[in-house]
Amino acid sequence: MKLRIATRQSPLALWQTEHVRRRLCQHHRGLEIELVPLSTRGDEVLDRSLAAIGGKGLFLKELEAAMLDGRADLAVHSMKDVPMEVDADFAIGAILQRADPFDALVSNRHASFDALPVNARVGTSSLRRQAQLRARRPDLQLVDLRGNVNTRLRKLDADEYAAIVLACAGLDRLDMHARIRQRLTAPDFLPAVAQGAIGIEVLAGNGALIDLLSCLHDADTAVCVNTERAMNRHLHGSCQVPIAAYCTLDDGDLALTGLVGRASDGRCVRAHGFAAMDAFESLGKRVAEALLAQGAEELLRGA
């Protein structure tokens, strides 16, 4: 059997796709897998923020088109880039075990977030990160930073920033863990919805392919990711607004913390909730409603 996997061409995207290819070949003897690297609009337009050019869904469209026209059988994504509503033509066939979900402070001169000097220039393209950073340090100069991981690190090394904020999972996967000066962890900092998880997208109704992918699916990660996505869906959120969420699973019980912020002034509201794992959708909705009751709708309008 031969499969073709559509992937973005960034080093991190290729790592994730190679990881999926390697694990599938380990589980299915005789399986041949070809990578189909594609360029997406999200990768090509680097002079504007993702929010300004239409959101993270821009990382998926070309890969989905390749599946629709028969050039690819599946696509590998960072789940945090997958829109809350997947088009009816597609389905998420598997979600792999989550890696480190948190953000990392990366700096060549400063050992921690609190050690950053007043008015330090910090690079991040994420409105979610900007809102949480500004809430704790309104003195910082927060500057948009686009590009793949290597591009962002080059700009840091060229002294354009005192620090930048990246996902821990991406640095770990690219063998760059040593660049992390501090992990920005919960409860002080919340990650993006589904951050650290890899998802595999397929054409809807392809039960045979979903069965083949089942060896990679991690049920515990999936229920946590789907709880976070449920919250975001009820908030009608996207990368154009600062929304964060972190769900954990302990002995069959889910704990979800959600946040909505405003990047311009750092105002943030938080909410928490608990439920059994079979009630993940209602938990996400309940936490979303608690955020809205605290004024999240105003923040969502004025992000």
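Biologist: Which residue takes a positive phi in the hairpin of strand 12 and strand 13?
Modeller: That's Gly266, with a positive phi near 80°. The hairpin has six residues between the strands. Keep in mind that this is a predicted model.

Biologist: OK, and how many bridges hold strand 12 and strand 13 together?
Modeller: Nine bridges, and the two strands pair in the antiparallel sense. Strand 13 covers residues 268-276. If you want a spot to look at, find Thr257, which stands opposite His272 in strand 13.

Biologist: What's on the other side, I mean how does strand 11 run relative to strand 12, parallel or antiparallel?
Modeller: Antiparallel, with eight bridges joining them. Strand 11 is residues 243-250. One of the pairs there is Ile243 with Val260 of strand 12.

Biologist: And the turn in that hairpin, how many residues sit between the strands?
Modeller: Two residues. Asp251 takes a positive phi in that hairpin, near 55°.

Biologist: So is strand 12 mostly covered or mostly open?
Modeller: Mostly covered: seven of its nine residues, 253-261, are buried.

Biologist: How do side chains point along a strand, anyway?
Modeller: In a regular strand they alternate between the two faces of the sheet.

Biologist: Switching topic. Where is Gln16?
Modeller: Gln16 sits in helix 1, which spans residues 11-27.

Biologist: Why do you call Gln16 buried?
Modeller: Because its relative accessible area is 4%, and the cut-off for buried is under 20%.

Biologist: What does Gln16 touch?
Modeller: Leaving out residues up to four places away in sequence, Gln16 touches Val76, His77, Ser78, Arg173 and Ile198.

Biologist: Let's zoom out. How many helices and strands does the protein have?
Modeller: Eleven helices and 13 strands. Buried residues make up 54% of the 303 residues.

Biologist: What does the radius of gyration say about the overall shape?
Modeller: The protein has 19 Å, and a compact globule with 303 residues would be near 19 Å, so the two agree. The C-alpha atoms fill a box of roughly 60 × 45 × 35 Å along the principal axes.

Biologist: What share of the contacts links residues 24 or more positions apart?
Modeller: 69%, counting contacts with a separation of 6 or more.

Biologist: Last bit, the surface and the charges. How many positive and negative side chains are there?
Modeller: 37 positive and 39 negative, and the centres of the two sets lie 5 Å apart. As for the accessible surface, that comes to about 12,900 Å², with 47% belonging to carbon and sulfur atoms.

How values were computed
Residues numbered from 1 in each chain as written. Predicted model: local features only at pLDDT ≥ 70, side-chain atom pairs only at ≥ 80, totals over all residues. Heavy atoms only, no water. Buried < 20%, exposed > 50% of the residue type's maximum accessible area, 1.4 Å probe, protein only. Helix = DSSP H or I, 4+ residues; strand = E, 2+ residues; numbered from the N terminus. Pairing = 2+ DSSP bridges. Rg over C-alpha atoms; globule rule 2.2 N^0.38 Å. Contact = heavy atoms within 4.5 Å. Areas by Shrake-Rupley, 256 points an atom, 1.4 Å probe, with all protein chains shown as cover. Lys, Arg positive; Asp, Glu negative; His and termini not counted. Charge placed at Lys NZ, Arg CZ, Asp CG, Glu CD.
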